[in-house]
Amino acid sequence: DKMEMLKDELLQLCRRFRTGIRFKKLPKIYKKQFGKDLEAADYEFPTIQALVESMNDILYLTPTKYGFTVSAISRKPRKQSPLIPDTSFGFSKAPPATWRDTDIRCQPEVTPSMSQARPPKPSPSGNKI
């Protein structure tokens, strides 16, 4: 459908610009990228702003001192390595790691110099001024 294709194009376009696209430049950038005009009337909207606002599931407008910026809503969190334990942040879907899951080769080697206690520091002798 025509509207879904436009959503895909705008999402693709907005993801190319990490900090967003100035709203007033959106039609020009869209035309440069896709070779066609971005016309709100083609999608039965009174303005391009109304068109973009209707796509609030993938795009959002942020007011700035220069007008609005159009940005893509963040993607799903990146997949975490299964060796990374689950955190309170909720990003990892992997089960929590246990000591059995740890590869022994990842453990630091214990050398004799590390396992021996350090000799006590000598105490200062005499009055050095």
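The strands of this chain form an open sheet of 3 strands in the order E1-E3-E2, with antiparallel pairing. Strand E1, residues 21-22, and strand E2, residues 59-64, are its edge strands, each of them pairing on one side only. The model is a predicted one, and what follows should be read with that in mind.

Strands of a sheet pair through backbone hydrogen bonds, and they may do so in a parallel or an antiparallel manner. Here E2 and strand E3, which covers residues 67-72, pair in the antiparallel sense over 6 bridges, and a hairpin joins E2 to E3 through 2 residues. Two of these bridges can be followed residue by residue: Thr 64 has Gly 67 of E3 as its bridge partner, while Tyr 60 is partnered in E3 by Ser 71.

Helix H1, made of residues 2-16, packs on this sheet and touches E1, E2 and E3, with its direction making about 105 degrees with that of E3. The length of H1 can be checked with simple arithmetic: at 1.5 Å a residue its 15 residues should span 21 Å, and because its end C-alpha atoms are 22 Å apart, expectation and model agree.

Which residues of H1 are buried? They are Leu 6, Lys 7, Glu 9, Leu 10, Leu 11, Leu 13 and Cys 14, and the elements that cover the buried residues of H1 include E1, H2, H3, E2 and E3. Glu 9 deserves a separate look, as a residue that lies in helix H1 and has a relative accessible area of 9%, so it counts as buried, the cut-off being under 20%. Leaving aside neighbours within four places in sequence, Glu 9 is in contact with Tyr 30, Phe 34 and Lys 36.

Met 3 is also found in helix H1, and its contacts lead to another part of the sequence. Not counting residues up to four places away, Met 3 touches Tyr 43, Phe 45, Leu 51, Ser 54 and Met 55. With the last of these, Met 55, the separation is 52 residues in sequence and 9.8 Å in space, taken from C-alpha to C-alpha.

The largest nonpolar core has 20 residues, of which Leu 6, Leu 10, Leu 26, Leu 38 and Leu 59 touch the most other members. At least two residues of this core are supplied by each of H1, helix H2 (26-34), helix H3 (48-53) and E3, and H1 gives the most, with 5 residues. Leu 38 shows how separate stretches of sequence meet: apart from its neighbours within four places in sequence, Leu 38 is in contact with Leu 6, Leu 10, Leu 26, Pro 27, Tyr 30, Ile 48 and Leu 51.

The whole chain can now be considered. The protein chain holds 4 helices and 3 strands, which follow the pattern α-β-α-α-β-β-α when read along the sequence. Among its contacts with a separation of 6 or more, 43% are between residues 24 or more positions apart. Of the 129 residues of the chain, 22% count as buried, and the accessible surface comes to about 11100 Å², with 55% of that area belonging to carbon and sulfur atoms.

Technical notes:
Residues numbered from 1 in each chain as written. Predicted model: local features only at pLDDT ≥ 70, side-chain atom pairs only at ≥ 80, totals over all residues. Heavy atoms only, no water. Pairing = 2+ DSSP bridges. Contact = heavy atoms within 4.5 Å. Axes fitted to C-alpha atoms, helices over the stretch in contact; angles between N-to-C directions. Core = buried A, V, L, I, M, F, W, Y, C linked by side-chain atoms within 4.5 Å. Buried < 20%, exposed > 50% of the residue type's maximum accessible area, 1.4 Å probe, protein only. Areas by Shrake-Rupley, 256 points an atom, 1.4 Å probe, with all protein chains shown as cover. Expected span 1.5 Å × (residues − 1).
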